[in-house]
Amino acid sequence: MPENTTRKEYEMGHGASRLQVAKVITDTKAEYALDTWKELPGLEEVNGTYDKKAETFYADNKAAKNLTTEGAPTRKFTLLGKLDPYYVAYLNNDYYNEATGVYIEKKATTQQLFAVRYITDLTDGDKVYSTWFACSLTNRSEETDKTRSDSIEKTQTVLEFTCLDPIHSWKLADDTTFNNRQLNIYQSKSNLNLESYWDELKDLMPDEADGVTETASE
């Protein structure tokens, strides 16, 4: 593969939109399958953290070995306003009857996994399409309700996901396999119509994005 000599020097992130979630139906070595994608309106902000720790071990009165471990990253999404109860029930596996307006909160007994994706913008006009493949909703969304007053305060919903490693592995263009927990695609480099995947709620997997037609099963 030829060396790329047209890399960007630096760009600023400026924009976040199109947050979508889909329940993971199957995640095995042989198959990865999702339910229908649903778009959550009003994305204001995306925050991410990585839990990476390094510890040094000593022997013979000197630093002899350094071990690094990386925990599961998190992604926090801040949304404008309150989510429609339909989406809240979907995320938390609650009961909601849209015809009667009845909402019943259920106690969580099993872990639900979601694929989560969104779009961020760079100041040069490029867009980054990001997907996380095995996310667990950390807790019920944070909400704030206040009494009426002579001032207007913004209402927000905060969703926080822990991003786990999927079991399934995809085949990459360099002929390696990898169980991607995250996929980033830069629109300026891709020959795919990335926006159509979001508009049409279609799946976009690492092998297809990387130009590989066969998914790894091992």
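Two residues are in contact when heavy atoms of each lie within 4.5 Å. By that criterion, among the contacts in the chain with a separation of 6 or more, 65% join residues 24 or more positions apart. The model described here is predicted.

## Overall composition

The chain contains three helices and 16 strands. It has 218 residues, of which 33% are buried. Its accessible surface comes to about 14000 Å², and carbon and sulfur atoms account for 47% of that area.

## Helix H1 and its ends

Helix H1 spans residues 85-92, and six of its eight residues are buried, so the helix is largely enclosed by the rest of the structure. The buried residues of H1 are Tyr87, Val88, Ala89, Tyr90, Leu91 and Asn92. Tyr86, by contrast, counts as partly exposed because its relative accessibility is 31%, and the limit for a buried residue is under 20%.

The N-terminal end of H1 is capped by Asp84, which places a side-chain oxygen 2.8 Å from the backbone nitrogen of Tyr86. After the helix comes Asn93, with a positive phi near 60°. Asn93 belongs to the loop that connects H1 with strand S8 (95-97).

Most residues other than glycine have a negative phi. Asn93 departs from this pattern, since it is not a glycine and its phi is positive, about 60°. Leu201 is another residue other than glycine with a positive phi, in this case near 55°. The table sets out these two residues.

| Residue | Phi | Loop | Relative accessibility |
|---|---|---|---|
| Asn93 | about 60° | between H1 and strand S8 (95-97) | 41%, partly exposed |
| Leu201 | near 55° | between helix H2 (194-199) and helix H3 (206-209) | 33%, partly exposed |

## The nonpolar cores

The largest nonpolar core consists of 20 residues, and Leu40, Leu91 and Phe161 have the most contacts inside it. Two or more residues of this core come from each of strand S1 (13-27), strand S7 (74-80), H1, strand S10 (113-122), strand S11 (127-137) and strand S13 (156-163). H1 provides the largest share, which is four residues.

Phe161 shows how residues from separate parts of the sequence come together. Beyond its neighbours within four places in sequence, Phe161 is in contact with Val21, Pro73, Thr74, Arg75, Phe77, Leu91, Phe114, Val116, Cys135, Ser136, Leu137 and Thr138. A further core lies apart from the largest one; it has 17 residues, including Ala22, Ala115, Tyr129 and Leu194.

## Strands S7, S10 and S11

Thr78 is a residue of strand S7. With a relative accessibility of 9%, Thr78 counts as buried. Its contacts, apart from neighbours within four places in sequence, are with Gly42, Leu43, Glu44, Glu45, Gln156, Thr157 and Val158.

In strand S10, eight of the 10 residues are buried, so this strand too is largely enclosed by the rest of the structure. S10 and S11 run antiparallel and are joined by eight bridges. Within this pairing, Phe114 stands opposite Cys135 in S11. The two strands form a hairpin with four residues between them, where Gly125 adopts a positive phi near 95°.

## Aromatic pairs

There are 10 aromatic pairs in the structure. In one of them, the ring centres of Tyr86 and Tyr87 are 5.3 Å apart and the planes stand at 75°, so the pair is edge-to-face; planes over 60 degrees apart fall in that class. Another pair consists of Phe133 and Trp170, whose ring centres are 4.9 Å apart with planes at 40°, so this pair is tilted. It links distant parts of the chain, as Phe133 in strand S11 and Trp170 in strand S14 (residues 170-171) are 37 residues apart. Phe133 is buried, with a relative accessible area of 1%, and Trp170 is also buried, with a value of 2%.

Ring pairs also connect Phe77, Tyr90, Phe114, Tyr118 and Phe161 into a cluster. Within that cluster, Phe161 is one of the residues with the most contacts inside the largest nonpolar core, and Phe77 and Phe114 are among the residues in contact with Phe161.

Notes
Residues are numbered from 1 along each chain as its sequence is written. This is a predicted model: local features need pLDDT of at least 70, side-chain atom pairs count only at pLDDT 80 or more; totals for chains, interfaces and linings use all residues. Side-chain values use heavy atoms; hydrogens and water are left out. Buried means under 20% relative accessible area, exposed over 50%, partly exposed in between (1.4 Å probe, protein chains only). A polar contact is a pair of N or O atoms within 3.5 Å; within protein, one must be able to donate a hydrogen and the other to accept it, and residues adjacent in sequence count only if both atoms are side-chain atoms. A nonpolar core is a set of buried Ala, Val, Leu, Ile, Met, Phe, Trp, Tyr and Cys residues joined through side-chain atoms within 4.5 Å. Two strands pair if DSSP finds at least two bridges between them. Accessible areas come from the Shrake-Rupley method with a 1.4 Å probe; for residues, only the protein chains shown count as cover. Rings of Phe, Tyr and Trp (its six-membered ring) pair if their centres lie within 6.5 Å; planes under 30 degrees apart count as stacked, over 60 as edge-to-face and the rest as tilted.
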